[in-house]
Structures are given as structure tokens and as C-alpha cells.
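Trainee: Could we walk through this model together, starting with the ligand and then a few single residues?

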Amino acid sequence: MSQSQETLSNLLQETRRFPPPAELAESANVQAGAYDEAAADRLAFWARQAERLTWSKPWAEVLDWSNPPFAKWFVGGELNVAYNCVDRHVEAGKGAKVAFHWEGEPGDSRTLTYADLQREVNKASNALLELGVRKGDRVAIYLPMIPELPISMLACARIGATHSVVFGGFSADALRTRINDAEAKVVVTSDGGFRRGKPSALKSIVDEAVEGTPSIEHVLVVRRTGEEVAENSRDVWWNDIVERQSEEHTAEPHDAEHPLYILYTSGTTGKPKGILHTTGGYLTQVAYTHHAVFDLKPETDVYWCSADIGWVTGHSYIVYGPLANGATSVIYEGTPDTPHKGRWWETIQKYKVTLFYTAPTAIRTCMKWGDEIPAEFDLSSLRVLGSVGEPINPEAYVWYREHIGANRTPVVDTWWQTETGAIMISPLPGVTSGKPGAAMTPLPGVVADVVDDQGRSVPNGGGGFLVVKEPWPAMLRTIWGDDERFVKTYWSRFEGLYFAGDGAKKDEDGDFWLLGRVDDVMLVSGHNISTTEVESALVSHPKVAEAAVVGATDPVTGQGIVAFVIPRGGAGGEVEGEEFLKELRDHVAKTLGPIAKPRQIMVVPELPKTRSGKIMRRLLRDVAENRSIGDVTTLADSTVMDLISEKLPSAK
Ligand code: 6R9
């Protein structure tokens, strides 16, 4: 094996362990035996999980894998997703149970019980039918975090229309490309939503987008902010059409492989990929994982996932998983610092949230704001904390556990992707002794591994590429309209294996540590070094809240490590200047070894992130290599790159 093929270095040492609290371990939904049970007969295991759902027609075969990588799960089975998420709970006498506590950013709120949700979804289904939407049609949804968003998704699922939710805040161009790729017939939007204390317009963006979308017949508009909007002949107000519909609608069963939704991922290059998820397998795995990973007790828990529904995390763990399980959830419309930086913690206190799921980026932002903010609120209701979206730095994990979870709550670091549809690798809160920074173990029923560049399993202690070795129920079925790209993108790097694009390592116990996208791996003097490990080393310095690391071309070493850091709130002492930067460089050298010492560190006020909170290292690489900055359309906040460039007129 040549040096450049060497698998990722395995530098980070972390010895802290957090066993589950005894009480949680005793009463946990899923116990250690589940791993063996699933390993003994994986398909029988998933068939048992599918029984959490109500099927109108039983399946004949659990998995048809006769034409890999095109999977069919629960072949011949029929069910209705909306019936499973809503009606069956009402029929079981739980109509008065709260499905969603919705909290608007300006302070307004709405409670939707399962019976309310049933009425709303039925009316919306009837309205879509009146607009000519039929089973198999596509509907684009471009809404803020308001109740009409899950209602629209469920209405589509109910009538068998395939939804494509596009993040509110994506540009008109991005929306147009996605509408055209899916050939959506209707787009559901609103006048706007509230973000950062003010209304932000959506309808005007849709108006611009639909100028070039021949398939769109109607724009269905929810009134949220009350701001003026331009009216066009194809517009229909939600209030006019939905409100006058009947509250009755009979859900037809759909085939287990009926397309439930398309969700676009941008990837690093090329046109966005429309990831296709279908009905029975998807709902089975999101329901099971939500039950297992969060230890959901639907009668007593209050669950909150702070993600945007426009991200797969919101699809699977705000809408489909929790509702299939009959959970009570919180949905919050706005940003965490409006009107003050304690808004999330105040919301947890208000609704007595027990299970909380967020992203490392949010945790690091809260670290930056300072420990005293969450300390003002009563967070004692919490019992399990989750993380998703990026590797969680050990320091962020420990901060989360300590300052939000009072050192009691397990932290579950959940690895998965838009493509996997559901959580794949995660601790089980009642079973696993958590290690800060590790996603730990593939869940029961999931067969994942770390392999070298020849596709061979690496021994414990080794690093390489994360792959999934056996099909799983919530797996993507294809890229919408492009089977060839599906095969090429995910199934051709290693024969017969799904390659996720992430690097990972197995520690001495065989537990999994995610090391970020392999595209981000740096090659320094012949060593592959992961950005994640250097970032985690920086974040372990008491004065650093956030760090992003990139490899910049270097004439001597191949690539030089360039780091961008945000200092921690109230850290005290010098957080700028040569002295501080030297301290950080030495800290990395001490933690990981001299090879990982950054060539350059820059203190910045913000980092460029996507709407789902992932650091866009590509843009930082542009800064580090003194290039003009590339495409910024998927940034959550487009002004961030200006802030960074201003701070660093020249990043030599
Ligand atoms: C759910 C979601 C997928 C990519 C994935 C990986 C990164 C997600 C992670 C994680 C380390 C975790 N990722 N969870 N990396 N630890 N717990 O994020 O989907 O937006 O498609 O992103 O996110 O790199 O490949 P998606």
C-alpha cells in the first residue's frame, strides 16, 4: 500500500466513559440482547419491528434483494403512513393526547392533539385533491417551521402524493431546480415566517422560482406573517381552500414501496441529488430507531428535536418517527437567540422536555455564549440528549452532558444520512457506556464496518472508510430519475458495499468514531489526518468554542493545516494575538502529536454553515488558499463569509 493510500491516522485519545444511569438501564425500551437477537436473524428482526405499524395488507417477503442495489422491503405489503402517524392513535383512544406543542418565534403558540392533527390532515388532503393532486404526483413544500408543514407532508402521504420539502431560505434558483427535477404539480408555501425577530418572506421567492417551472399548476399559500404578497392567478390561499374542506377523508393503503418523499442533498459537486424514500421500510426503521435510541415512553415523555423539518432529521425525527410512535413533541419556529440566548432552555423548562435532539453546531454555539445562560433555567426534566449532523467533539459532548444534562443524562451521538433515512450508528441510552466523540455501535439490524481502500475490514485500532454491508429498511431506493447515478455514487467504490462518503475508525474495543467526509481528509507529509480530530483537539482547549480545519496546498508538506477558531464566551485572558495562537498550536501538538500542528490559525467571529449546521469547509479552503469564494447559495447566513473576509483581508 502506498503512503497516500494509507488509511486515516488514528490520533485522538479519549478515555472518559459514561455508563447509563441505573434507573434508565433497568427500564430501557431496548436492552443489550437486541444486538444478538438481530444478528441471529436480521430479516426476522426487521419483520418484528414492522409490526409496530398497522398494515392493511401483510407483506409476502421481508426483503427482495434479487436486483442489488435496488431493494424492496416488505414486498406486497400495504399501509398508509398518515393513518399510522395519526388516525390509529385517535382510534386507540388517544385523540386528546398532544401531538405537537408548537411554539412560534414571536411567542405565540398552538397545541395540536392527535384528533386536531387528524382533522387538519384530512382537510389538507381534500384540498390537495381539489387542486388536482393525485396518487403518484409530486408536491413541493417550501414552508417555515409552522404546523402546516407537517400537516402538508402528512396530507401528501395520505393521498399517495410524493412530497419534496425544500428548506425555507433556499434561493429561488435552488427551489426552481428542485421543483423541475421532481416535476411537482403544486408548491405549498407561506407569506413568510419569523426568524431572528422579524418576518422573512417566502412567497416572493416562490413567485420568482415558479416563473421557470412548467409543471406547477398551483401555489398554495399559508398566511403566517400577514405581510403583503403579490397575488398571481395560480395562487390559492390555504385559508380559503383548506378551511372549507370536509374533516373526513378515508385513507387508502399504499404499496410498501410507494414513493413517500424526495429530499435533495446538495453534495459537493454537480446537480442536487433527489434522494428517494418509500413507505413501509422507511416508517419501520424511523419508528424503531426513535423508540430505541431515545428510549421514548410515549405516555410520559415530551420530545423535542430542534432541527428544521427541511432537513432529513426533521422528516424522520420530528414528523414520521415520533408520530408513528404516538409521541408528544415540541416544534419551535425560530432561532435559538430570539428574543434572548436562553430561548431553547426556556422552551425546555416550559414544556418539561424529557428528550432533546440537536446538532453539534448548536451545542458549540451555546458553549460560545457561555455556561451561565442554560444555568438560569430548570432543565431537570431532561433524561436523554441526542446529537446529529457532524462528529461531536468530545469537549462539546461533555459540555452538553454537564451543562444541559446535569451530568445525569446519556448523550446519544447518532450517525446517519439523508440517504440512510434513519439512524444507523448510535449508542443505546440504557445499554451503552458512552465515549465522548464516538457514535459507538451499529444499531441492532444494521451491519456497518470500517474498511481499507480495498474494501477489507480494518482491525480494531484501524481507520478507513465507513460502509454498510447489508441492506436496511429505510435505505434510499434510488436518486429520483437517475438510477445510474445512484449506483455510481453509492455502490461502485467498493463492490457490494454501500459507501457513505465518511471516514471512520474503530477503537481498541471496536467502537466507531466518525472522522468527517473523506473529501475533507488532509494529506500532510504523507499522513492522512482528519479535520475532525484537529478540530476536536482545538475545541478541547478551554478558550475555544468552535473550530474548523482545512488542508491548504503547501509546497513543502503537500497540504498545510489551516484552522479557524471562535473563542469561548467569558473565557477570560487573551483570545487573540500571537501568544494565544502559539498556545493553541502547542495544545494541538501536545494532544495529537506534532504532525497535526496547524500551520496557521485564524480567530474569526463566525463559521460558514449550511442550514443544517454543517461547516462548509470548501469555502474556508478558498480563504486559506487565497481564492475568490465559491458558491455560497446553501449557506444559512450569506453574510458570514464577508465577516470572515473582513477580519482577514489577506489569509496568507
Ligand atoms: C442526518 C444527517 C449526512 C452527513 C454524514 C456525516 C455527517 C451526520 C453525524 C455525522 C459524524 C454524526 N454526520 N451525523 N458525522 N457523526 N453523528 O446529518 O444527514 O444532512 O444527509 O448529512 O453528515 O458526514 O455523511 P445529512
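Mentor: Sure, here are some questions and answers on the ligand site and on chosen residues. The model is predicted, so local features need pLDDT of at least 70 and side-chain atom pairs count only at pLDDT 80 or more, while totals for chains, interfaces and linings use all residues. Residues are numbered from 1 along each chain as its sequence is written, and side-chain values use heavy atoms, with hydrogens and water left out.

Trainee: Which N or O atom in a side chain is 2.5 Å from an oxygen atom of the ligand?

Mentor: Take polar contacts as pairs of N or O atoms within 3.5 Å; within protein, one must be able to donate a hydrogen and the other to accept it, and residues adjacent in sequence count only if both atoms are side-chain atoms. Asp-502 has a polar side-chain atom 2.9 Å from a ligand oxygen, and a polar backbone atom of Glu-390 sits 3.3 Å from a ligand nitrogen. The one at 2.5 Å belongs to the side chain of Thr-418.

Trainee: How many residues of the shell around the ligand are charged?

Mentor: Being near the ligand takes a heavy atom within 4 Å of it. Ala, Val, Leu, Ile, Met, Phe, Trp, Tyr, Cys and Pro count as nonpolar, Asp, Glu, Lys and Arg as charged, and the others, Gly among them, as polar. The shell has seven nonpolar and five polar residues, and the charged ones number five.

Trainee: Why is Lys-614 called partly exposed?

Mentor: Buried means under 20% relative accessible area, exposed over 50%, and partly exposed in between (1.4 Å probe, protein chains only). Lys-614 is partly exposed because its relative accessible area is 32%.

Trainee: Which residue's backbone oxygen lies 2.8 Å from a polar side-chain atom of Lys-614?

Mentor: An unreviewed UniProt entry annotates Lys-614 as "modified residue: N6-acetyllysine"; such annotations may be inferred rather than shown by experiment, and positions follow the numbering used here, with feature names shortened. Leaving aside neighbours within four places in sequence, Lys-614 is in contact (heavy atoms within 4.5 Å) with residues including Trp-311, Glu-390 and Pro-608. The backbone oxygen at 2.8 Å is that of Gly-389.

Trainee: How far apart in space are Gly-169 and Val-398, C-alpha to C-alpha?

Mentor: Gly-169 touches Tyr-142, Leu-202 and Arg-611, not counting residues up to four places away in sequence. Gly-169 and Val-398 are 229 residues apart in sequence, and their C-alpha atoms are separated by 32 Å.
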